[in-house]
Amino acid sequence: QTGQPITPPLTHEDRVLSARFSLDGQRIVTASADKTARVWNAHTGQPITQALRHENQVLSAQFSPDGRCVVTASEDKTARVWNVQTSPLATPSLKHHSEVISAEFSPDGLRVVTASQDHSARVWDAQTGQPITAEPKHGDTSSALHHEGHLYSAQFSPDGHRVVTASFDNTARIWDARTGQPTTPPLKHDYLVKSAEFSPDGQRVATASGDKTARVWSAQTGQPISPPLKHDGEVVSARFSPDGQRVVTASWDNTARIWEVQTARSITIQHEAGVNSALFSPDGRRVVTGSGDKSARVWNAQTGEPLSPPLKHDSAVNSAQFSPDRLRVVTGSGD
């Protein structure tokens, strides 16, 4: 509402690459290039746990649905599941052969999916750390959850039965989360795919690509169900509204755009540098953006008008997310 900070800065020793609320809005987990993730009280800004340490940059960190655990993804070739009450590792490290770019819990919190630069995604038991899907055979593109290029992200469907991956090989792919086998043909772009996300009902997938487009696909058939959603620069994310009727895209052409999926009509939101993230509020009425112009902004999702002054940092804002109660925003920055 006011754009004023609620807590002191949540300080790391290097760039903050992501910041997320817990589902109850009481805590925040941050991931940093200083090789740690940290858990904070969302009201006071005080740390709740010791630093969750890796041997290289931590690229993402996310709470489990019940808030008891955090999963981190790191350039040290591992993801790790932590008990946030006590901070020790809850499972053995989830190991890949190259950097792990993202790690996400399943909706029931019982599994984790990881995406790696070793060209693979893997599904793991969140309690034991044991793999559920087989390790892909290097160079065998028919093996489970395997791409021909680096992966940028992997995400479960809302029912937890499927996984969607986004890759440097110009495709996103939809897989059976139990067997690791593809359920549709590849979702093809003309350049690398930076993100892929299921709609809230699991019926569609939105992808964002370096080919300057986002696209919406049927999650059942893998066929496009909208025209390409075009920007003038690389599109780095595409996220559905809570009702699934709209998509917000973030692009390095200095804009975010809010699209009606059926018509591809859009509203443009302007920043002074590339937009690194754009997300709807939980009620779908607002959008928050984070930009290389050192600010985050809150916007009316119907009109594109700003609803807050710029939320200013001293460096690029890499991520911005609403709290579950819609009243707060957490931002992560290179400062």
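**Strand S21, threonine 249 and a three-stranded sheet**

Glycine 244 takes a positive phi near 75° in the hairpin of S20 and S21, a hairpin with five residues between the strands. That is a handy place to enter this model, which is a predicted one. On the two sides of the hairpin, strand S20 (residues 235-240) and S21 pair in the antiparallel sense, and five bridges link them. One of the pairings puts phenylalanine 240 together with valine 247, its bridge partner in S21.

Moving on along the chain, S21 also pairs with strand S22 (residues 255-260), again in the antiparallel sense and over five bridges. The hairpin of S21 and S22 has three residues between the strands, and here asparagine 254 is the residue that takes a positive phi near 75°. Across this pairing, threonine 249 stands opposite arginine 257 in S22.

S21 itself is mostly covered, with six of its six residues buried. In a regular strand, side chains alternate between the two faces of the sheet. In S21, Arg246, Val248 and Ala250 point one way, while Val247, Thr249 and Ser251 point the other way. Residues on both sides are buried.

Threonine 249 deserves a closer look. This residue sits in strand S21, which covers residues 246-251. Its relative accessibility is 0%, and because buried means under 20%, threonine 249 counts as buried. So what do the polar contacts of its side chain look like? One, of 2.7 Å, joins it to the side chain of histidine 231, and another, of 2.9 Å, joins it to the side chain of tryptophan 259. Leaving aside residues up to four places away in sequence, threonine 249 touches a wider set of residues that takes in Ala214, His231, Val235, Ser237 and Ala238. Also in that set are Thr255, Ala256, Arg257, Trp259 and Ala278.

Elsewhere in the model, three strands form an open sheet in the order S9-S10-S11, with antiparallel pairing. Strand S9 (100-105) and strand S11 (121-125) stand at the edges, and each has a single partner strand, so one side of each is left without a neighbour in the sheet. From one strand to the next, the twist averages 20°. S9 pairs with strand S10 (residues 111-116) in the antiparallel sense, over five bridges. In that pairing, valine 100 stands opposite serine 116 in S10.

Key
Residues are numbered from 1 along each chain as its sequence is written. This is a predicted model: local features need pLDDT of at least 70, side-chain atom pairs count only at pLDDT 80 or more; totals for chains, interfaces and linings use all residues. Side-chain values use heavy atoms; hydrogens and water are left out. Helices (H or I, at least four residues) and strands (E, at least two) are DSSP runs, numbered from the N terminus. Buried means under 20% relative accessible area, exposed over 50%, partly exposed in between (1.4 Å probe, protein chains only). A polar contact is a pair of N or O atoms within 3.5 Å; within protein, one must be able to donate a hydrogen and the other to accept it, and residues adjacent in sequence count only if both atoms are side-chain atoms. Contact means heavy atoms within 4.5 Å. Two strands pair if DSSP finds at least two bridges between them. Axes are lines fitted to C-alpha atoms, for helices over the stretch in contact, and angles run from 0 to 180 degrees between N-to-C directions.
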